[in-house]
Structures are given as structure tokens and as C-alpha cells.
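Me: Please take a close look at the surroundings of the ligand in this model. I should like one connected account of the residues and elements that form them.

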Amino acid sequence: MKNFAVIKNKIKKFNKKIFVPGDKSLSIRTVLLASQGVGVSNISNLLEAEDVLNSLAAIKKLGIKYTKVKKKYRIYGLGLNGYSPKKNTTIYAGNSGTLGRHLLALVVKINKKIRLTGDMSLSKRDFSRIAEPLKLFGANIKLNNKSLPVDIVGSNFLRPITYFENIGSAQVKSSICFAALNTPGTTVIKAKKSRNHTELLFKYLNIPIKLKSSKNFDLIKIKGLNNYKSFNYSIPGDISSSAFFIVLTMLSNKSKILIRNVNVNETRTGIIKILNKMKANIVLKNKKKYKGEMIADIQVTSSPVLKSINCPPSLNSSTIDELILIFLVAGVKTKGVSTFKDLSELNKKESPRLDLAINFLRMIGVKVKRNKNDIKIYGKPNLSLDGAYSIKNFLKDHRIFMMSCVAALTLGGKWKIFDKDSINTSFPSFIKILKKLGAKIN
Ligand code: S3P
């Protein structure tokens with residue numbers, strides 16, 4: 001089957017209600033946590049995408065059974081000492097940094113060699129950021145020049161650590177929480193602000209965790225080696241998947257969308273705060289709490305020309321996966337110059353997204369000035385294209401593919417966008433939903 005999308009027409013005006021699939025961060029975290037809980041956990045609306053399916057395959061390799069009954073996943077957790085991997089087990093994390101980093105943390109206590117591997121994109125990513133704290137706990141870790149494959153041999157003699165996480169990486173912070181779970185004593189983490197799903201899940205599961213927040217940092221204390229019970233969880237929709245439809249609607253004419261039942265945890269809603277500062281029309285409706293998380297319907301109406309923004313870098317982490325979409329809005333829908341700063345983390349994702357987003361904007365005729373990790377985007381309000389565009393990204397980044405589709409459907413021109421199957425990583429139904437809104441994609 002051909003592995004590209006052809007888009008030759010702008011999407012016509014639409015007014016629809018949609019659901020997006022379950023949140024990826026919560027899907028991976030609940031699968032991994034259920035694998036160490038005591039008893040059978042039931043997870044519904046689990047995201048059925050490769051990153052999560054690889055998480056299920058990973059716990060299976062560690063000796064944990066799971067089944068799917070009707071639409072629910074049942075995970076048969078055996079408690080904190082429940083893993084029983086075979087000798088020389090290799091676990092494949094695919095494209096997922098979240099799975100890879102959390103998995104290493106979950107096996108800190110397994111006194112057998114486990115090898116972690118991944119696809120081409122994951123194999124280029126930095127694993128020293130998680131190896132460093134895990135070594136302090138007492139695990140033995142061998143990296144391949146900071147990256148995969150990683151060999152880990154856990155220890156029976158783990159010690160709690162005090163760690164300063166100053167990248168603002170939720171994957172690092174949360175992985176340390178997972179390692180702390182398996183370690184005697186109290187682990188203390190001072191962490192630059194980032195998504196806090198793990199902390200909220202620990203609270204919900206009555207795992208001993210103490211949280212203190214200041215403006216820029218969180219202080220987390222976790223008392224380890226306390227078994228926790230299995231649980232039931234229904235995963236809300238993913239704001240990172242919703243983001244493509246938020247921006248699609250904003251950039252389309254006279255359109256409106258309601259995205260139902262989305263996780264709108266404050267540590268994830270940077271995109272809404274930033275776009276609304278630019279005078280977008282995004283409203284949260286039916287807000288409610290679910291097991292510590294905040295859920296709402298997101299209503300978006302198309303925008304006329306927006307205001308440029310000087311984006312506070314403190315918002316970067318709460319919209320790290322959506323920044324490329326925000327750059328697109330700044331490029332094609334605003335009057336004036338927008339600035340974004342401290343973007344180094346963006347080049348450490350599934351592909352160098354900062355470099356690719358800048359190239360993309362320049363390719364469609366938007367001026368971008370770059371100074372190391374800061375950029376200035378010179379808005380071209382209501383940019384309209386009629387050229388031919390071909391998008392290839394050799395690391396097959398799912399979000400670059402989906403952002404390109406949003407641009408193609410709203411700006412005009414004739415597009416061939418390669419690596420369509422990359423959506424299987426996080427959002428397999430992406431094209432199906434676009435078609436439901438009326439998009440013509442071949
Ligand atoms: C994630 C954290 C973020 C994000 C990733 C998912 C998570 O990465 O980009 O897609 O689930 O913890 P970093 O923590 O590396 O910033």
C-alpha cells in the first residue's frame with residue numbers, strides 16, 4: 001500500500017463534534033503502573049497505537065499477563081516484585097521515549113540483564129538523561145554512546161536518591177518516580193515544571209507521595225516499596241491529538257468543532273493558553289475532575305487574523321508536542337512578529353522538530369529568523385499557496401506528518417506527504433477523522 005497522503009484541495013467549512021483517542025501519556029503510564037499493582041486492573045479507552053501496544057508487549061515480556069475483553073484491557077498485576085523476565089530479555093520500545101525511559105526505571109530491581117532497543121528515531125535519542133539518576137539508585141547501565149541499545153542490570157540493594165531534574169522533562173521526572181516506587185526509603189525530586197500525570201496517579205493509588213509546588217519547580221517525595229492495589233481507569237482524550245483539529249479549525253474558514261472528553265490538565269494546556277493569548281477562540285466546556293485529572297470538551301471556532309505573541313518560555317513544557325503547530329499559526333495567521341525562546345528540547349524529540357518546523361515555514365514562504373534556540377516568526381496573515389509541495393521526514397515523525405496535513409488542508413497547493421504510516425505511533429485514526437470533517441485525502 002502506498003505510504004503517502006496526497007492533498008490537492010482545501011477542506012471546506014465544517015461544524016462537527018468529534019472524539020480523539022485516549023491520551024498517550026496516561027495510556028502508557030496506566031499500563032506500566034497496572035503491571036506492578038496487586039490484582040487485575042481494567043483500563044478502558046486505552047490508546048490503541050504502536051507506542052501503547054509496545055508498552056503492553058513490554059510488560060508481557062516481563063511476565064505480566066494481559067487480555068482484552070470487549071473494549072477493556074485487563075492487566076494482571078503481580079505487585080512490586082512481580083516481574084519474571086527470561087534470561088537475556090530484549091524489550092523493544094519502538095518509537096516511544098516515554099516507554100523506553102519508564103521501562104528502564106521499572107526494572108531497576110531486576111537482577112538480570114535486560115536489553116532495551118527501539119526504532120531508528122528512538123535509537124538517536126538521549127538515554128543518558130535517565131541512565132544518570134538510575135545509576136544513582138544502584139542500577140548498572142551500559143549505554144551505546146548515550147543511546148540505545150541500553151543494557152540494564154538492576155540491583156537488590158537500591159538506595160533512595162535526591163535528584164534535581166532541571167531539563168523540565170516529564171519523562172525523566174516520572175521515570176524517577178517509577179524507580180522510587182521500587183526502592184526502600186524516601187526519594188526526593190526537585191523538578192522543573194512538566195506534565196504531572198504520574199504524580200496524580202500515585203496520589204489516586206494511595207502510593208505515599210508528597211507534593212509541594214513553587215512557581216518554577218515541583219518538590220516530590222516518594223516513600224518506596226509500598227504495594228498498591230489494582231485499579232480501574234478510563235483514559236480521556238489526548239490534547240496532543242486534539243491539537244491538530246484545534247489548529248485545523250482555526251485555520252479554516254467559518255468552521256467550528258467540539259472535541260469531546262479531552263484531558264485538559266493544566267500541565268498540558270499550554271497550546272490553549274498561547275493561542276488564546278493570540279486571540280484565538282478556544283473555550284473549555286463541561287469541565288469535570290476525574291481521578292485527579294481535569295477533563296473537558298474543547299470548542300474551537302475559526303479565527304480571523306490573530307495577534308503575534310512573545311511566548312513566555314515557561315509555557316514551553318506544557319505544550320512541548322504542540323509547538324510546531326503553534327509556529328504554523330504564528331506563520332500563516334498572525335500579523336506581526338512572534339518570538340519563541342529556549343527551544344532546545346524540541347530538537348530532542350522523535351525528530352529534530354525545531355529544524356524541521358523552521359524549514360517547513362521557510363518552504364511555504366514564511367520568514368523565520370533563528371538565533372540558536374530562539375526563533376522569530378514573521379507572520380503572513382491568511383497566507384494562501386498554489387505551488388507543489390513534497391514532505392519527507394526521514395525519521396518518520398508522526399507529528400511532522402500530521403502538522404503537514406493540517407497545513408495542506410488549510411493553505412492550498414498540491415501536497416504529497418510521505419510516511420503516512422507514522423500516524424500509527426500515536427493516532428491511527430487521524431486520517432479517518434479528517435475525512436469525517438470533509439477532507440479530501442488520497
Ligand atoms: C511525555 C513527555 C514529553 C513529551 C512526550 C510524552 C510523557 O517528553 O514530549 O511526547 O508522557 O512524559 P519530555 O518529558 O522528554 O519533554
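Reply: A residue is taken to be near the ligand if its C-beta atom, placed from the backbone, lies within 6 Å of it. The model examined here is predicted. On that criterion, 13 residues surround the ligand, and the closest are S25, T98, S169, A170 and Q171. Two elements give two or more residues to this shell, namely α3 (97–106) and α5 (170–181). The largest share comes from α5, which gives three residues.

As to chemical character, the shell around the ligand divides into seven polar, four charged and two nonpolar residues. Both domains take part: domain 1 (4–20 + 236–436) and domain 2 (24–225) each supply at least three residues to the shell.

One of the closest residues, S25, also belongs to a contact between helices. Helix α1 (residues 24–34) packs against helix α6 (residues 197–204) at an angle of about 45 degrees, and their axes are 10 Å apart. Angles from 65 to 115 degrees count as roughly perpendicular and those under 35 degrees as roughly parallel; α1 is therefore oblique to α6. The crossing of these two helices, α1 and α6, is right-handed. On the α1 side the contact is made by S25, L26, R29 and L33, and on the α6 side by H197, T198 and L201. By class, this contact of α1 with α6 has three nonpolar, three polar and one charged residues. S25 is thus listed both among the residues closest to the ligand and among the α1 residues that meet α6.

Conventions: Residues numbered from 1 in each chain as written. Predicted model: local features only at pLDDT ≥ 70, side-chain atom pairs only at ≥ 80, totals over all residues. Axes fitted to C-alpha atoms, helices over the stretch in contact; angles between N-to-C directions. Helix = DSSP H or I, 4+ residues; strand = E, 2+ residues; numbered from the N terminus. Parallel < 35°, antiparallel > 145°, perpendicular 65-115°, else oblique. Left-handed = near helix turned anticlockwise from the far one by under 90°. Contact = placed C-beta atoms within 7 Å. Nonpolar A, V, L, I, M, F, W, Y, C, P; charged D, E, K, R; others polar. Domains from an automatic or database assignment.
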